[in-house]
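Subject: A structure for you to look at

Hi there,

Here is the structure I promised to pass on, with its sequence. Have a look around first, and then read my notes below.

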Amino acid sequence: MEAQYLVDSNVVIEFLSGSLPDVGTQWLEEIVAEQSYCLSVINQIELLGFNGQAEEMAIVEFFFIQSSVLPLSKAIAQATLSIRKNIKLSSQMPSLRQPQ
């Protein structure tokens with residue numbers, strides 16, 4: 001089946017920790033079984049970059065083996081930066097200036 005959903009890293013993390021609501025767990029299990037999801041190279045960096053327990057890491061690796069991994073092109077990165085700069089985000093970058 002063609003990928004219909006891009007799964008966020010937080011969904012996978014909450015699934016592994018058991019904190020994803022039941023409806024979310026059911027949804028994720030369904031789309032994984034149908035192989036109707038994809039992940040991005042950003043997910044790969046975020047999820048495979050931490051030192052989890054072997055069982056958790058095997059599940060994360062399974063997600064990547066079963067899915068298409070979307071690359072990050074320069075055009076996508078630039079469009080994302082443009083959008084982020086034009087939308088007020090709840091978290092602000094700390095000032096880089098040293099107090100005087």
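Let's start with Leu70, which counts as partly exposed because its relative accessibility is 37%, and the band for that class lies between under 20% for buried and over 50% for exposed. Please keep in mind that this is a predicted model. Leu70 sits in strand E3, which covers residues 68-70. Which residues does Leu70 touch, once those up to four places away in sequence are set aside? They are Leu6, Cys38, Leu39, Ser40 and Val41. Take Ser40 as an example: 30 residues separate Leu70 and Ser40 in sequence, yet their C-alpha atoms are 4.4 Å apart in space.

Now step back to the whole chain. The protein chain contains five helices and three strands. If you walk along from the N terminus, the elements come in the order β-α-α-β-α-α-β-α. Of the 100 residues in the protein chain, 21% are buried. I also looked at contacts between residues at least 6 apart in sequence, and 75% of these join residues at least 24 apart. The pair Leu70 and Ser40, 30 residues apart in sequence, is a good one to find on your screen.

Next, the start of the chain. Ala3 belongs to the segment before strand E1 (5-6). Is Ala3 buried or partly exposed? Ala3 is partly exposed, because its relative accessible area is 31%. Leaving out residues up to four places away in sequence, Ala3 touches Ser36, Tyr37 and Cys38. Glu34 is another residue to compare with Ala3: the two are 31 residues apart in sequence, and 9.1 Å lies between their C-alpha atoms.

Then there is Gln35, in the loop between helix H2 (22-34) and strand E2 (37-40). Most residues other than glycine have a negative phi. Gln35 is not a glycine, but its phi is positive, at about 50°. With a relative accessibility of 36%, Gln35 counts as partly exposed.

On to the helices. Two packed helices are described by the angle between their axes and the distance between the axes. Here are two pairs to try, and helix H1 takes part in both.

- H1 with H3: the axes of H1 (residues 9-17) and H3 (residues 41-48) come within 9 Å and cross at roughly 35°. This crossing is right-handed. Ser9, Val12 and Ile13 of H1 make the contact with Asn43, Glu46 and Leu47 of H3. By class, the residues in this contact are three nonpolar, two polar and one charged.
- H1 with H4: the axes of H1 and H4 (residues 54-66) are 11 Å apart, and the helices pack at an angle of about 140°. The crossing of H1 and H4 is right-handed. On the H1 side you will find Val12, Phe15 and Leu16, which meet Glu56, Ile59, Val60 and Phe63 in H4. Six residues of this contact are nonpolar, none is polar and one is charged.

While you have H1 on screen, look at Glu14, which is found in that helix. Glu14 counts as partly exposed, at 33% relative accessibility. Apart from its neighbours within four places in sequence, Glu14 is in contact with Ser19 and Leu20. Glu14 and Gly24 are 10 residues apart in sequence, with 9.5 Å from C-alpha to C-alpha.

Finally, the largest pocket. How much space lies in the largest pocket? The volume is about 170 Å³. The pocket is lined by 13 residues, and those closest to its centre are Leu6, Ser40, Val41, Ile42 and Asn43. Which element gives the most to the lining? H3 does, with four residues. Sorted by class, the lining has eight nonpolar, three polar and two charged residues. You have met some of these names already: Leu6, Ser40 and Val41 are among the residues that Leu70 touches, and Asn43 is one of the H3 residues in the contact with H1.

That is everything from me for now. Enjoy exploring, and write back with any questions!

Best wishes

Notes. Residues numbered from 1 in each chain as written. Predicted model: local features only at pLDDT ≥ 70, side-chain atom pairs only at ≥ 80, totals over all residues. Heavy atoms only, no water. Buried < 20%, exposed > 50% of the residue type's maximum accessible area, 1.4 Å probe, protein only. Contact = heavy atoms within 4.5 Å. Axes fitted to C-alpha atoms, helices over the stretch in contact; angles between N-to-C directions. Left-handed = near helix turned anticlockwise from the far one by under 90°. Nonpolar A, V, L, I, M, F, W, Y, C, P; charged D, E, K, R; others polar. 1 Å grid on protein atoms, 1.4 Å probe; cavity = no way out; pocket = protein on both sides within 12 Å on 5 of 7 lines; lining within 4 Å. Points joined across faces, edges and corners; volume = space filled by probe spheres on them.
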